Amino acid sequence: MTTVTKQAMDVFVEETGGWVASQLEACTRCGMCAEACHFYQSSGNPEYAPVWKIELLRRAYEQRFTLVGKVKTLLGVNKRVTDEDLEHWSKLNYYACTVCNKCSMVCPMGIDLGSLLHEVRAGMAAAGLVPADLMAAVNKQLQEGSPLGMTEDVWDQRMEWVADEWEVDIPRDVKGADTMVVFSSIEVMKFPTNIAAIAKVLNTAGEKWTISSKAREVVNFGFYEGNVEHTKLFINRILEGARELGVKRIVVTECGHAYDALRWHAANWIPEANDFEVIHITGVLGELVESGRIKLKPGFFDGKGTITFHDACKIQRKGGHINEPREILKIIAPNAFKEMSPNREQSVCCGGGGGVIAIKDADPIRYDAFKLKIDQVNAVGAETVTMTCSNCRLQFTDCVDHFKLDWKITGLAQMVADALEE
Amino acid sequence: MTWTDVLTFARGPLFQASLLIFIAGMIYRLVRVIFLGWSPDKVKNKGSKAGGVVMAYLKSFLIWPFIPWVKNTFKKNPLIYIAGGIFHLGLFVVLVLGTAHMLVWKSLLGFGWSTLPLPIVDWMAAVTICAMVVLFINRLINPVLKLISGPAEWLNLLFVFLPMITGYILTHHLFFRYEVSYSIHMLCVDFLLIWIPFSRISHFIFYFFSKTIHGEEFGKRGVKA
């Protein structure tokens with residue numbers, strides 16, 4: 001076994017506790033997971049079946065842990081894992097998976113394939129088999145604080161510019177504030193109106209909030225990479241900022257994977273993460289509307305064409321903020337808003353998450369997967385699509401350009417800011 | 001050696017040995033997985049983990065399977081959903097609600113229970129056998145299943161099919177005389193019992209791990225599992 005293969009296999013074995021093993025044992029090879037995977041559905045390539053993506057993890061488990069596996073090794077009938085296998089499976093796991101977890105919902109055994117895929121990525125990361133584009137982004141985030149060229153200076157300038165251009169107050173490094181808001185570099189660099197929108201909403205609500213020059217970036221490319229050390233490093237930058245300012249709560253703005261990492265995993269890597277409440281901006285918007293701290297103009301978006309909502313995998317299906325967008329849209333677009341099908345926790349992934357949009361070689365696969373969304377949006381006759389994740393927004397805007405569609409793409413926070421009663 | 005001897009052996013000492021291997025094997029599988037270690041979940045819940053678990057079980061084999069159109073799995077692949085469901089339901093009806101097998105349970109546990117009339121159980125068995133044929137054909141032609149199926153998958157199908165078909169032949173007194181039919185059925189059953197701990201048929205136990213984990217993962221996020 002070469003060093004590369006050994007490094008990956010060792011990680012697979014190391015990561016295999018009862019949680020991983022019991023689920024690998026539960027799989028009956030029924031193939032239902034493939035039916036849920038948008039990459040398989042759009043391409044027909046059976047290798048994109050989620051059960052196949054985690055095959056190397058299963059082989060490592062069978063060969064190292066099980067009686068049957070050990071006997072097969074003795075008899076020499078085992079399929080040994082090779083470097084070529086790992087390179088091949090690296091593509092399957094990074095190019096053709098957004099970790100959307102729809103497979104987990106459809107598995108009759110309830111196997112959490114998304115998490116198992118993260119384990120595979122951990123092995124790939126240890127073996128140095130992460131796609132070059134993705135690794136470049138990780139390194140940028142390690143060195144500059146962000147994968148999108150948002151150095152401390154650039155962040156500084158952008159925030160000043162947004163505050164100036166849109167005439168909003170963006171409190172910075174306020175000690176003793178209640179809430180620390182951490183934006184994603186996708187918003188800062190590509191959708192700066194989102195920053196202004198969120199600032200406007202929080203100011204109108206009278207929220208005691210701040211941004212932090214230590215905690216500048218909420219996006220977590222270590223999480224996409226599958227490298228726990230990098231993931232923790234990026235999370236710690238956020239926690240340090242929160243600690244320094246003495247805030248009680250951290251708000252993740254419109255980014256999905258960042259929320260998954262910080263809200264639903266961080267405490268298991270860094271117990272101190274539990275010192276803070278972590279919430280997504282979608283949840284905050286919901287709270288502010290429900291409590292009456294902000295008021296929305298009813299029907300503000302009616303009469304401008306059908307609007308539909310795209311559920312972001314890590315904010316709705318795996319984040320739990322499913323009702324808030326609907327409550328808000330019922331107020332601001334009671335007639336214009338039409339649901340796509342399927343929706344809510346059963347929704348179809350945009351195809352750009354999980355790091356896929358950062359990998360140039362994955363573009364054809366990504367565009368193929370988006371065809372499923374095109375069908376969905378067209379079926380409901382929508383002209384505007386809104387969402388709560390800026391990575392989805394990146395994918396939608398890129399695909400609107402690629403496929404020459406005439407949709408308007410926006411975000412929920414933007415719509416709330418526009419429909420605000422001041 | 002007559003067929004009566006074979007039958008006495010197959011339903012007597014061999015059956016008991018097979019049961020022992022089945023139980024010991026399953027315990028070994030369970031213990032080996034449980035002792036791999038479990039880390040506590042320190043993440044704060046939003047919704048209820050327990051609630052998620054209850055819903056997961058209700059939806060997966062207690063109530064929802066009988067109203068399949070509400071499930072996304074059904075919409076994607078209704079034929080396989082129904083074939084798989086009928087197969088499992090049929091196994092349950094034949095093995096637990098059929099008098100012939102209830103009497104076996106009674107001899108093992110010391111108590112029995114009311115069962116369904118033979119025509120119903122028999123009809124269910126026939127439908128189950130058809131479902132297995134459908135699943136077999138599906139595994140032959142579906143591109144994903146062709147990729148992920150190895151010798152183990154084909155053998156599993158065969159070793160579960162044999163007791164079903166030989167049981168049916170025995171019940172209907174087809175082709176062979178009683179001692180022969182019964183012996184063959186018992187040999188198939190004994191073999192299956194020994195095979196289960198070494199195969200993926202053991203999923204019936206690991207199901208409880210993955211379903212509970214699933215219910216917790218979605219319950220804690222406040223999402224319908």
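## Close-up views of chains A and B

**View 1. Two helices, one from each chain, meet here.** In this predicted model, A:Gly18, A:Ala21, A:Ser22 and A:Glu25 of α2(A) make contact with B:Arg29, B:Arg32 and B:Val33 of α2(B). Sorted by class, the residues of this helix-to-helix contact come out as 2 nonpolar, 2 polar and 3 charged. The axes of α2(A), residues 18-26, and α2(B) come within 8 Å and cross at roughly 145°. Look for the side chains of A:Glu25 and B:Arg29, which join in a salt bridge with 2.4 Å from N to O.

**View 2. Here is the whole contact between chain B and chain A.** How many residues does each chain bring to the contact? Chain A puts in 58 residues and chain B 45. Between them the two chains bury about 4500 Å², with 61% of that on carbon and sulfur atoms. On the chain B side, B:Ile148, B:Arg200 and B:Arg221 lose the most area to chain A, and together they make up 14% of what that side buries. The count of salt bridges between the two chains is 4, and there are 18 residue pairs in polar contact, both residues at pLDDT 80 or more.

**View 3. This one picks out the chain B side that touches chain A.** Which helices of chain B each supply at least two residues to this side? They are α2 (13-34), α4 (72-76), α5 (78-96), α8 (143-148) and α11 (203-219). Of the elements on this side, α11(B) gives the most, with 10 residues. By class, the side of chain B that touches chain A holds 21 nonpolar, 9 polar and 15 charged residues.

**View 4. A sheet of 4 strands sits in chain A.** The sheet is open, its strands pair in parallel, and their order is β2-β1-β3-β4. At the edges are β2 (209-210) and β4 (277-280), each with a single partner strand, so one side of each has no neighbour in the sheet. Further in, β1(A) pairs with β3(A), residues 249-252, in the parallel sense over 4 bridges. To find this pairing, start at A:Val181, which stands opposite A:Val251 in β3(A). Helix α19 of chain A, residues 281-291, packs on the sheet and touches β3 and β4, and its direction makes about 85° with that of β4(A).

**View 5. Chain A also has an open sheet of 3 strands.** Its order is β6-β7-β8, again with parallel pairing. Which strands stand at the edges? They are β6 (307-310) and β8 (408-411), and each has a single partner strand, so one side of each is left without a neighbour in the sheet. Neighbouring strands here are turned by 30° against each other on average, direction ignored. β6(A) and β7(A), residues 384-387, pair in the parallel sense over 4 bridges, and A:His310 has A:Met387 in β7(A) as its bridge partner. Helix α23 of chain A, residues 390-402, lies across β6, β7 and β8, running at about 170° to β8(A).

**View 6. Two loops of chain A have backbone details to look at.** In the loop between α21 (323-332) and α22 (363-380) you'll find A:Pro342. The peptide bond from A:Ser341 to A:Pro342 is cis, with omega near -5°. The other loop, between α12 (152-165) and β1 (179-182), holds A:Glu167. A:Glu167 isn't a glycine, yet its phi is positive, at about 50°.

How values were computed: Residues numbered from 1 in each chain as written. Chains lettered and ligands numbered in written order. Predicted model: local features only at pLDDT ≥ 70, side-chain atom pairs only at ≥ 80, totals over all residues. Heavy atoms only, no water. Pairing = 2+ DSSP bridges. Axes fitted to C-alpha atoms, helices over the stretch in contact; angles between N-to-C directions. Contact = heavy atoms within 4.5 Å. Buried area = accessible area lost by both parts, 1.4 Å probe. Polar contact = N/O pair within 3.5 Å; in protein donor to acceptor, adjacent residues only side chain to side chain. Nonpolar A, V, L, I, M, F, W, Y, C, P; charged D, E, K, R; others polar.
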